[in-house]
Structures are given as structure tokens and as C-alpha cells.
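Trainee: Could you walk me through this one? I'd like to go strand by strand and then look at a few single residues.

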Amino acid sequence: MTNISADLILVLLLIMISAYLIHKISVKVAIARRTKYLEEANRKLQMLSTTDSLTGLKNRRFFSEILDEYNGLDHVGLLILDIDNFKSINDKFGHSVGDTVIQYVAEILKRVSKKEETIARIGGEEFAVVARFDNFDSAKSYGQDIVTSIEKSTPFFLSNPIQVTVSVGLRYYNQKTQLLNLEEADRLLYEAKEKGKNKVIAELGN
């Protein structure tokens, strides 16, 4: 019978232990990578489910959920805005240009807004914004900045440029409220349309 030296046994044991440790580390690394991949995939899926694919703004689903977070707060401004004469733009230039106009308005909205506002595209050419403002006047000023910025911008992508304008309905909740209502802002939006478009109609409420 061949005798195995103690040194050889020790070397074999060290090799076995090293192989075992390397295997455990490899498994942990693989699990960590898989976990990171799944977390990133979930993050992207969550972003896609709450983001409007055309503009990169939040979508109606997200906006409806975020409104619940503002319920019970005061000094909240809820705005709905709509691109004026949008059907005429589609009819004259085609839907692809209409989509570009929507993207164009979305970019101006981002530029006018600060980090506090939640901006969403809630319909074809309709957008909504919710935020807390110091007072009614500052909310109106924000709405007017949107209207003015869009009115003064010339769409660079149109071979035959037209003026793009928006109408805005603003409902300002000065005191704590239990429910923010999109229909109230929508009513003011249509009032702005009826009164000539390209303007803000604002209402102060409790």
C-alpha cells in the first residue's frame, strides 16, 4: 500500500477547500449579477408603465396616481392644457408632424417648469400639470409662462411654419382639500377655448 505523505494530504485539502470557496464566491457573484439585472429590468418596466412613449413625460395612469398624493394638501395648482387647433395641424401637415408638434410642446413645458412640477401627457394633444405653489398668483404666472413661451416659439421643423398655441385651465386649491378634480380644471380649459384660445383661465377655490 502506497503511503501518502502528510504534506500531500495537506495540499489536497487546501485544493479542495480553495475549490469549494471559489465555487461559493462564483455562485454569490452570479446571484448578485442576476439580482442586479432583475432590479434594472424591473426599474425599466416600471418606467415604461408610467411614461408616455412619444414625449417622455409621465402618462395619464401615473398622473392619476400622483394626484392622490396631493389630496389633503393646500396651495396646490392643477392645470390642464390643450394644443389649439390641433386637428387643423394634423389635416394640413399629417399625423407625423402632429406628433412632432406634441413633442415640441412637451419640450417647452419641460423648459418652463422646475423640478417641483409633475407634467404628464394625458391625452392626444392634452397635458396636465400638478404642483404646490406659494399662492394663486404664482400658479397663474406659471400658467401664463407656458402660454407665452409656446406662443413666441416658432416650430423649426415645419417648412411652412404656423403658430402653435395652447389654452390652459387652472384650478388652484388654496386650502386643504380631500379631492383634486381634473374635471374642474378641464371646465376652465374649455372656457379658455371658448374665449379665444391661447390664454389661461384660472379659478381660486378652497
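Trainee: How many of the eight residues of strand S5 are buried?

Mentor: This is a predicted model, so keep that in mind throughout. On one side of S5 you have Val166, Val168, Leu170 and Tyr172, and on the other Ser167, Gly169, Arg171 and Tyr173, all of them buried. The strand, residues 166–173, is therefore largely enclosed by the rest of the structure, and the count is eight of the eight.

Trainee: Which strand pairs with S5 in the parallel sense?

Mentor: Start with the antiparallel partner: strand S2 (residues 76–83) pairs with S5 over eight bridges, and there Ile83 stands opposite Val166. On the parallel side, Val168 stands opposite Val200. That pairing runs over six bridges, and the partner, residues 200–205, is strand S6.

Trainee: Within what arc do the buried residues of helix H3 fall, seen down its axis?

Mentor: In H3 (residues 86–93), the buried ones are Phe86, Ile89 and Asn90. They line one face of the helix because they fall within an arc of 95°.

Trainee: And what covers the buried residues of H3?

Mentor: Turn away from the buried side and you meet the exposed residues Lys87, Asp91 and Lys92. Just after the helix, Gly94 takes a positive phi of about 100°. As for the buried residues of H3, their cover includes S2 and helix H4 (95–112).

Trainee: Now a single residue: what is the relative accessible area of Val129?

Mentor: Val129 sits in strand S4 (residues 126–132). Leaving out residues up to four places away in sequence, it touches Phe63, Gly77, Leu78, Leu79, Leu81, Glu117, Thr118, Ile119 and Tyr142. Val129 counts as buried because its relative accessible area is under 20%; the value is 0%.

Trainee: How far apart are the C-alpha atoms of Val129 and Phe63?

Mentor: Phe63 is among the residues that Val129 touches. Along the chain the two are 66 residues apart, yet their C-alpha atoms are separated by 8.5 Å.

Trainee: Last one: which side chain does a polar contact join to that of Asp52?

Mentor: Asp52 lies in the loop between helix H1 (6–50) and strand S1 (58–59), and at 11% relative accessibility it counts as buried. Beyond four places in sequence, it touches Leu57, Lys58, Asn59 and Arg121. The polar contact spans 3.1 Å, and the side chain joined to Asp52 is that of Arg121.

Conventions: Residues are numbered from 1 along each chain as its sequence is written. This is a predicted model: local features need pLDDT of at least 70, side-chain atom pairs count only at pLDDT 80 or more; totals for chains, interfaces and linings use all residues. Side-chain values use heavy atoms; hydrogens and water are left out. Helices (H or I, at least four residues) and strands (E, at least two) are DSSP runs, numbered from the N terminus. Buried means under 20% relative accessible area, exposed over 50%, partly exposed in between (1.4 Å probe, protein chains only). Contact means heavy atoms within 4.5 Å. A polar contact is a pair of N or O atoms within 3.5 Å; within protein, one must be able to donate a hydrogen and the other to accept it, and residues adjacent in sequence count only if both atoms are side-chain atoms. Two strands pair if DSSP finds at least two bridges between them. The arc is that of the directions from the helix axis to the C-beta atoms.
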